[in-house]
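Me: I would like to learn how to read a few features of a model, one at a time. Please give the general idea before each case.

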Amino acid sequence: MIWNETKECMSRDEMQALQGARLVKLVDRVYHNVEYYRKKMQAIGLEPGDIRGLEDLEKLPFTTKDDLRDTYPFGMFAVPNSQIVRIHASSGTTGKATVVGYTRRDIDVWSECVARCITMAGMGREDIIQVAYGYGLFTGGLGGHYGAEKMGATVVPMSTGNTKKLITMMIDFGVTGILCTPSYLMHIAETIEEMGVRDKIKLKASLNGAEPWTEKMRDKIEGMLGIHAHDIYGLSEIMGPGVATDCRFHAGLHVHEDHFLPEIVDRETFRPVADGVTGELVISTLTKEGIPLIRYRTKDLTSMDHSPCECGRTTARIARFTGRSDDMLIIRGVNVFPSQIEAALLEMGGTTAHYLMIVDRVNNLDTLEVQVEVEEHFFSDEIRALENLARKIEHVIQQAIGLAVKVKLVEPKALERSMGKAVHVIDKRKMD
Amino acid sequence: MFVKQLSVFMENREGRLEKAAEILKEQNINILALSMADTTEYGMLRMVVSNPEEAKTALKENGFSAMLTDVLAVRLEDQVGELHSLTLVLCAKGLNIEYMYSLVSGERKAIIVKTSDAEKAAAAIRESGLRLYGNEELCR
């Protein structure tokens with residue numbers, strides 16, 4: 001099923017014409033309504049008339065999270081507050097919160113995009129869907145909720161907090177779909193196993209996002225629950241969840257290109273790269289009214305593919321994320337992504353997908369410790385066997401990241417289970 | 001022939017042993033012998049208890065990682081040379097000792113031992129005239 005065939009299956013020519021026309025209007029809108037953009041464009045001698053179509057995209061300056069922080073809270077809004085019907089904000093764990101505002105039309109567009117994603121994940125009006133993202137300032141809960149309602153599903157607004165109650169309702173209501181972070185779904189799957197109710201659930205599909213996760217993790221979730229797990233991408237600055245999702249062929253995530261103009265740029269030169277080459281994803285919000293952004297640097301690393309997809313959609317696909325440039329750790333000069341550790345652990349088997357990286361600096365040398373939960377059947381009463389296991393895991397991780405690592409085995413369930421975005425890294429070096 | 005030993009994996013964290021002991025107390029389980037092996041990061045608590053199955057279930061329900069292992073409880077007298085006679089028997093058969101600890105409970109005195117081959121060790125010990133305790137006999 002395709003929610004909006006007209007838009008999702010457009011020919012490349014038609015799509016580019018639409019994007020070009022919308023880009024011209026977008027630039028005109030921000031120039032006249034957002035002082036910050038006007039000054040930024042004037043500083044480089046750029047006027048709205050200089051942008052005549054997609055071919056002029058590269059002339060435009062980038063927007064970053066810092067721009068949003070500098071204009072906190074409402075400085076980037078392009079409409080008067082009387083037209084803003086909702087505010088969301090990022091958690092602000094790494095600095096001041098970034099605030100975004102939506103007009104009524106923005107909410108409609110957002111719902112439309114999420115409806116497309118849910119349809120892409122094989123769900124429809126007859127489905128009962130639990131939204132188990134946090135409701136509140138975080139875009140996950142309400143974004144998923146409005147989209148699922150728009151599509152016509154029966155929505156159960158669970159939010160996060162009580163996993164056993166979620167599972168009880170999942171059984172009692174015959175829930176068939178769920179929206180939550182992948183790490184939370186993993187926790188739900190484990191709890192279902194513990195409760196011994198796997199045969200009572202009717203779940204068939206999930207949409208998981210808000211944090212990067214690997215193909216192995218998808219296999220594990222799909223295996224444990226017997227469902228199809230789909231990746232949903234989004235970020236609050238652009239809209240929230242629903243910017244892109246993978247269809248049943250899992251060949252990358254289809255971007256809703258009529259609303260979000262994607263580019264991949266080289267991480268050093270910031271010039272656009274060819275299809276298949278990894279770089280930073282940059283998005284321009286073609287139709288956003290509340291807080292339209294031009295060439296927003298997402299910090300997410302991926303590549304693009306414009307070839308036709310077997311599902312019939314013609315929209316560009318972005319590859320699953322290798323990580324955020326923000327998440328990348330530089331340890332003893334080596335670039336390390338948490339997702340590499342996750343992939344290595346799942347590859348090895350015998351461990352859960354729960355791990356915690358602790359980076360520290362001892363005598364001016366970076367150290368990396370990885371705490372790994374070991375599944376019960378792997379335990380032994382012999383210290384020697386446990387130490388061999390730890391060495392084996394160290395070896396596997398070392399092969400994956402090319403860096404010596406110390407593995408510490410911890411009790412099952414010892415690592416904190418997150419209901420939102422999972423914490424995989426503690427970098428003590430930054431706390432000095 | 002074998003005795004069920006309860007093994008519990010424990011992180012080196014304050015309060016973990018106290019918690020495990022509390023659970024066993026609440027379940028009215030008696031500890032006949034124990035040994036605590038430790039590394040810098042975690043410990044392995046090995047015990048012979050009055051009701052191993054029940055103890056394991058209670059610990060697991062409380063988030064501990066616990067398992068039952070077959071070990072040998074070799075009956076020894078309180079006199080010089082007893083340990084040597086046992087090790088001599090195992091040595092003669094080329095058996096390696098993984099770990100051992102002693103049990104003294106009432107009139108019962110034994111060495112709990114895990115070897116590289118439990119079946120072979122049990123046979124060798126019997127052959128030598130030494131006696132093995134079973135779970136029931138120990139816990140009576």
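Reply: Take strand pairing in this predicted model. Strands of a sheet pair through backbone hydrogen bonds, either parallel or antiparallel. In chain B, strand S5 (residues 97-105) and strand S6 (residues 108-115) run antiparallel and are joined by eight bridges.

Me: Which residue stands opposite Leu103(B) in S6(B)?

Reply: Ala110(B) does. S5(B) and S6(B) make a hairpin with two residues between them. Gly106(B), in the turn, has a positive phi of about 60°.

Me: What does Ile112(B) touch, not counting residues up to four places away in sequence?

Reply: Its contacts include Val3(B), Ala33(B), Val48(B), Ala73(B) and Leu103(B). Ile112(B) is also one of the residues with the most contacts inside the largest nonpolar core, together with Ile118(A) and Ala73(B). That core has 146 residues. Helix H5 (residues 104-120) of chain A gives the most to this core, with eight residues.

Me: How many residues of chain A are in contact with chain B?

Reply: There are 12, and they meet 14 residues of chain B. Strand S20 (residues 406-410) of chain A contributes the most to the chain A side, with three residues. By class, that side of chain A has six nonpolar, six charged and no polar residues.

Me: Now a helix. Which side of H11(A) holds the buried residues, and which are they?

Reply: An α-helix has 3.6 residues a turn, so residues three or four places apart point the same way. In H11(A), Leu386(A), Leu389(A), Ala390(A), Ile393(A) and Ile397(A) are buried. These residues cover an arc of only 95° around the axis, which puts them on the same side of H11(A). Arg384(A), Asn388(A), Arg391(A) and Gln399(A) lie on the other side of H11(A) and are exposed. The buried residues of H11(A) pack against helix H10 (338-348), strand S19 (365-374) and S20 of chain A.

Me: What span should the 19 residues of helix H11 (residues 383-401) of chain A have?

Reply: At 1.5 Å a residue the expected span is 27 Å, and the end C-alpha atoms of the helix are 27 Å apart, which agrees. After H11(A) comes Gly402(A), with a positive phi near 70°.

Me: What is the strand order in the open sheet of chain A?

Reply: The order is S4-S3-S5-S6-S7-S8-S9-S14-S13, nine strands with mixed pairing. Strand S4 (154-156) and strand S13 (304-305) of chain A are the edge strands, each pairing on one side only. Within chain A, strand S8 (residues 240-246) and strand S9 (residues 253-255) run antiparallel and are joined by three bridges. Thr245(A) has His254(A) in S9(A) as its bridge partner.

Me: Last, exposure. Is Asn162(A) buried or exposed?

Reply: The cut-off for exposed is 12 or fewer other C-beta atoms within 10 Å. Asn162(A) has 12 C-beta neighbours inside 10 Å, so Asn162(A) counts as exposed. This residue lies in the loop between S4 and helix H7 (163-173) of chain A. Asn162(A) and Met419(A) are 257 residues apart in sequence, yet their C-alpha atoms are 9.4 Å apart.

Me: How many other C-beta atoms lie within 10 Å of Glu82(B)?

Reply: There are 16, so Glu82(B) is partly exposed. Glu82(B) lies in helix H3 (residues 82-92) of chain B. Not counting residues up to four places away in sequence, Glu82(B) touches Leu76(B) and Glu77(B). The C-alpha atoms of Glu82(B) and Ile111(B) are separated by 9.9 Å, with the two residues 29 apart along the chain.

Note on methods
Residues are numbered from 1 along each chain as its sequence is written. Chains are lettered from A and ligands numbered from 1 in the order in which they are written. This is a predicted model: local features need pLDDT of at least 70, side-chain atom pairs count only at pLDDT 80 or more; totals for chains, interfaces and linings use all residues. Two residues are in contact if their C-beta atoms, placed from the backbone, lie within 7 Å. Helices (H or I, at least four residues) and strands (E, at least two) are DSSP runs, numbered from the N terminus. Ala, Val, Leu, Ile, Met, Phe, Trp, Tyr, Cys and Pro count as nonpolar, Asp, Glu, Lys and Arg as charged, and the others, Gly among them, as polar. Two strands pair if DSSP finds at least two bridges between them. A nonpolar core is a set of buried Ala, Val, Leu, Ile, Met, Phe, Trp, Tyr and Cys residues joined through C-beta atoms within 7 Å. A residue is buried if 20 or more other C-beta atoms lie within 10 Å of its own, exposed if 12 or fewer, and partly exposed in between; C-beta atoms are placed from the backbone. The expected span of a helix is 1.5 Å times one less than its number of residues. The arc is that of the directions from the helix axis to the C-beta atoms.
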